[in-house]
Amino acid sequence: QGGRAREKNLMSAFSMDVSAADFEQAVIEASKTVPVVVDFWAEWCGPCRALKPVLEKLAVEYAGKFRLAKINSDENQPLAQRYGVRGIPNVKAFVDGELVDEFSGALPESQVRQFLDKLIPSPAEKLRLETLREYAELQDAERALRMLAHASELDPANEAVRLDSAQLLITLNRHDEAAQVLASLSELTKLDERVKTLQARIALSTSAGGGVDADELAARIEHNAGDLEARLQLARVLITRHQYAPACDHLLEIVRRDRKFNDDAARKTLLQLFSVLGDDPLVSAYRRKLASALN
């Protein structure tokens with residue numbers, strides 16, 4: 001009897017009956033701390049009776065790595081409709097307040113485990129997320145890099161850790177190291193837009209070179225508006241100073257005067273900058289200007 005009582009206490013710690021009244025707190029808010037798996041079921045549903053004990057058993061076994069919320073869909077029809085429950089059992093997973101995955105039907109335990117394991121971050125992933133939260137608050141890139149290095153030791157195959165490391169290395173102007181990290185990624189990951197953006201940041205940061213006097217370059221352009229080399233160098237310096245609009249103006253002027261100058265360097269630099277700036281309103285404005293200059 002003691003064993004059954006202990007099991008019942010554990011089950012109540014990791015799984016609960018939830019209704020519309022406490023759904024926001026028990027599921028949405030709770031999922032910002034730990035994944036919450038919601039089981040929509042009903043008394044008359046045979047497959048529900050088969051799946052429910054599997055979920056309850058795994059909730060105890062996983063010991064708090066996820067929480068199980070059991071919702072009687074007959075008694076909470078507006079909630080079931082809100083989340084598109086069309087057949088039961090319907091299991092939905094919430095992480096950080098968002099619906100991230102689901103399945104329908106009474107899956108065997110092995111498949112339910114696979115479903116759960118995709119939701120639960122590995123120790124390396126947990127450390128990565130902790131690092132990002134701390135860096136957002138403290139802006140200590142060196143410390144964040146050390147934490148990510150430990151995460152990579154825990155899981156060398158975690159490419160998200162390497163991507164975050166590359167971004168921090170660029171922030172610290174350690175561009176060669178960042179490039180090496182990006183080169184180590186799988187070919188599939190290299191297709192990711194974030195990788196392309198980081199590569200563009202490296203290219204832009206390293207192309208300016210050192211010891212370039214911006215005032216001297218500006219004087220050269222004032223003396224000779226057709227000094228395209230001076231315009232290109234000055235644009236690159238302005239980019240490193242985050243003075244993007246005047247940099248774009250110089251690059252556009254090069255395109256207008258000689259599209260092929262220095263192997264089309266002005267247009268290529270503009271495209272790299274657009275990639276780095278992403279959704280910045282400046283991008284759409286200068287894309288239109290570039291299109292006009294090319295036509």
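Ser15 touches Ala59, Leu68 and Lys70, leaving out residues up to four places away in sequence. The model is a predicted one. Ser15 belongs to strand β1, which covers residues 15-17. Is Ser15 buried or exposed? Its relative accessible area is 4%. Buried means under 20%, so Ser15 is buried.

## Along the chain from Ser15

Ala20 sits in the loop between β1 and α2 (23-29). Beyond its neighbours within four places in sequence, Ala20 is in contact with Asn76 and Leu79. Ala20 and Ile71 are 51 residues apart along the chain. Their C-alpha atoms are separated by 8.6 Å.

Pro35 lies in another stretch, the loop between α2 and β2. Pro35 is buried, and its relative accessible area is 9%. Which residues does Pro35 contact, leaving aside neighbours within four places in sequence? They are Lys65, Phe66, Arg67, Phe94, Val95 and Leu119. Pro35 and Leu116 stand 81 residues apart along the chain. The C-alpha atoms of this pair are separated by 9.1 Å.

Asn72 is placed in strand β3 (residues 67-72). Asn72 is buried too. Its relative accessible area is 8%. With neighbours within four places in sequence set aside, Asn72 is in contact with Trp41, Ala42 and Glu43.

## Helix α5 and its two sides

Helix α5 spans residues 109-119. Its buried residues are Val112, Phe115, Leu116 and Leu119. Why do they line one face of the helix? Seen down the axis of α5, the buried residues fall within an arc of 95°, so they line one face. An α-helix has 3.6 residues a turn, so residues three or four places apart point the same way.

What do these buried residues pack against? The partners are β2 (36-41), α3 (46-62), β4 (90-95) and β5 (98-104). The face of α5 turned away from the buried side carries Gln114 and Lys118, which are exposed. Two of the buried residues have appeared already. Leu119 is in contact with Pro35, and Leu116 has its C-alpha atom 9.1 Å from that of Pro35.

## Two pockets

Rolling a probe the size of a water molecule over the atoms shows where empty space is left. The table sets out the two pockets.

| Pocket | Volume | Lining residues | Nearest the centre | Kinds of residue |
|---|---|---|---|---|
| Largest | About 450 Å³ | 18 | Thr33, Pro35, Pro121, Lys126, Leu129 | Eight nonpolar, two polar, eight charged |
| Second largest | About 260 Å³ | 13 | Arg201, Ser205, Ile239, Thr240, His242 | Six nonpolar, six polar, one charged |

Pro35 returns here, among the residues nearest the centre of the largest pocket. Which elements give two or more residues to the lining of the largest pocket? They are α5 and α6 (123-138). Helix α6 gives the most, with five residues.

For the second largest pocket, the elements giving two or more lining residues are α8 (159-171), α10 (193-207), α12 (228-240) and α14 (261-277). The largest share of that lining comes from α10, at three residues.

## Nonpolar cores

In soluble globular proteins, nonpolar side chains tend to be buried together. How many residues are in the largest nonpolar core of this model? There are 30. Ile239, Leu251, Leu270 and Leu273 touch the most other members. At least two residues each come from α11 (214-223), α12, α13 (244-257), α14 and α15 (281-294). Helix α12 supplies the largest share, eight residues.

Leu270 touches Cys248, Leu251, Leu252 and Leu290, not counting residues up to four places away in sequence. A second core, separate from the largest, has 21 residues. Ala151, Leu169, Ile170 and Leu185 are included in this second core.

Ile239 links two of these topics. It is a member of the largest nonpolar core, and it is also among the residues closest to the centre of the second largest pocket. Helix α12 likewise appears in both places: it supplies eight residues of the core and two or more residues of that pocket's lining.

Definitions and conventions:
Residues are numbered from 1 along each chain as its sequence is written. This is a predicted model: local features need pLDDT of at least 70, side-chain atom pairs count only at pLDDT 80 or more; totals for chains, interfaces and linings use all residues. Side-chain values use heavy atoms; hydrogens and water are left out. Buried means under 20% relative accessible area, exposed over 50%, partly exposed in between (1.4 Å probe, protein chains only). Helices (H or I, at least four residues) and strands (E, at least two) are DSSP runs, numbered from the N terminus. The arc is that of the directions from the helix axis to the C-beta atoms. Contact means heavy atoms within 4.5 Å. On a 1 Å grid over the protein atoms alone, a cavity is a set of points where a 1.4 Å probe fits but cannot get out, and a pocket is an open set with protein on both sides within 12 Å along at least five of seven lines; lining residues have an atom within 4 Å of a point. Grid points are joined across faces, edges and corners, and a volume is the space filled by probe spheres set on the points. Ala, Val, Leu, Ile, Met, Phe, Trp, Tyr, Cys and Pro count as nonpolar, Asp, Glu, Lys and Arg as charged, and the others, Gly among them, as polar. A nonpolar core is a set of buried Ala, Val, Leu, Ile, Met, Phe, Trp, Tyr and Cys residues joined through side-chain atoms within 4.5 Å.
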